[in-house]
Amino acid sequence: MEDPAEQPRKTYQLRTTEKFERANARPGEEDPAGRHDVRAWRADQIALESRAGTSPLPAPAPPPVHRRRRDCWTLLIANNLGFGAAAYFGQANPLIFAGGLAGMFLGSVVIYWILYHIMGRY
């Protein structure tokens with residue numbers, strides 16, 4: 001058995017030439033054969049579909065009614081009223097006051113993030 005230390009070490013390098021057949025033209029060049037022209041292929045498909053009487057793309061559906069904005073404002077008002085009341089009535093205690101302000105800020109950011117970035121449209 002050979003010792004792994006005696007085996008030749010692998011060397012890696014970048015290739016400067018292509019060792020495969022290109023299916024498409026390089027960026028900025030035109031394919032002389034025109035074999036893989038996607039736009040021409042799609043135009044042929046649309047022509048076939050129109051001759052068959054089928055619509056290539058259905059009409060887009062109207063956008064759904066979103067309740068996100070209403071829910072966002074409801075949650076923001078409830079959050080800020082609760083933590084704002086704690087901050088207002090707890091002004092004598094700096095810990096309660098700071099907690100109320102922090103709750104207003106963090107609650108607002110979290111509500112926005114959850115409703116507009118994490119949840120899907122509903």
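## Helix packing at a glance

The structure holds 2 aromatic pairs. One of them joins Tyr88 and Phe89 in an edge-to-face arrangement, 5.1 Å centre to centre with 75° between the planes. Keep in mind that this is a predicted model. Much of what follows is about helix 2 and helix 3, whose axes come within 8 Å.

**How helix 2 and helix 3 meet**

- Helix 2 covers residues 68–89 and helix 3 covers residues 94–118, and their axes cross at roughly 170°.
- Angles over 145 degrees count as roughly antiparallel, so that is the label for helix 2 and helix 3.
- On the helix 2 side, the residues in contact with helix 3 include Arg68, Arg69, Asp71, Cys72, Leu75 and Leu76, along with Asn79, Asn80 and Phe83.
- Helix 3 brings, among others, Ile96, Phe97, Gly99, Gly100, Leu101, Gly103 and Met104 to the contact, as well as Tyr116.
- Sorted by type, the residues of this helix 2 and helix 3 contact come out as 13 nonpolar, 8 polar and 3 charged.

**A closer look at Asn79**

- Asn79 sits in helix 2.
- Its relative accessibility is 13%, and buried means under 20%, so Asn79 counts as buried.
- Leaving aside residues up to four places away in sequence, Asn79 touches Gly103, Met104, Gly107, Ser108 and Ile111.

**Helix 3 on its own**

- Helix 3 has 25 residues and runs 34 Å from its first C-alpha to its last, close to the 36 Å expected at 1.5 Å a residue.
- Its buried residues are Gly100, Gly103, Gly107, Ile111 and Leu115.
- Those buried residues of helix 3 pack against helix 2.

**Tyr88 and Phe89 again**

- Both partners of this edge-to-face pair are exposed, Tyr88 and Phe89 alike.

**Around helix 1**

- Helix 1 takes in residues 38–52; its 15 residues should span 21 Å at 1.5 Å a residue, and the end C-alpha atoms are indeed 21 Å apart, so the two values agree.
- Right after helix 1 comes Gly53, with a positive phi of about 90°.
- Asp37 lies in the segment before helix 1.
- With a relative accessibility of 40%, Asp37 falls between the 20% and 50% cut-offs, so Asp37 counts as partly exposed.
- Asp37 and Ala25 are 12 residues apart along the chain, and 10.0 Å separates their C-alpha atoms.

Conventions: Residues are numbered from 1 along each chain as its sequence is written. This is a predicted model: local features need pLDDT of at least 70, side-chain atom pairs count only at pLDDT 80 or more; totals for chains, interfaces and linings use all residues. Side-chain values use heavy atoms; hydrogens and water are left out. Axes are lines fitted to C-alpha atoms, for helices over the stretch in contact, and angles run from 0 to 180 degrees between N-to-C directions. Helices (H or I, at least four residues) and strands (E, at least two) are DSSP runs, numbered from the N terminus. Angles under 35 degrees count as roughly parallel, over 145 as roughly antiparallel, 65 to 115 as roughly perpendicular and the rest as oblique. Contact means heavy atoms within 4.5 Å. Ala, Val, Leu, Ile, Met, Phe, Trp, Tyr, Cys and Pro count as nonpolar, Asp, Glu, Lys and Arg as charged, and the others, Gly among them, as polar. Rings of Phe, Tyr and Trp (its six-membered ring) pair if their centres lie within 6.5 Å; planes under 30 degrees apart count as stacked, over 60 as edge-to-face and the rest as tilted. Buried means under 20% relative accessible area, exposed over 50%, partly exposed in between (1.4 Å probe, protein chains only). The expected span of a helix is 1.5 Å times one less than its number of residues.
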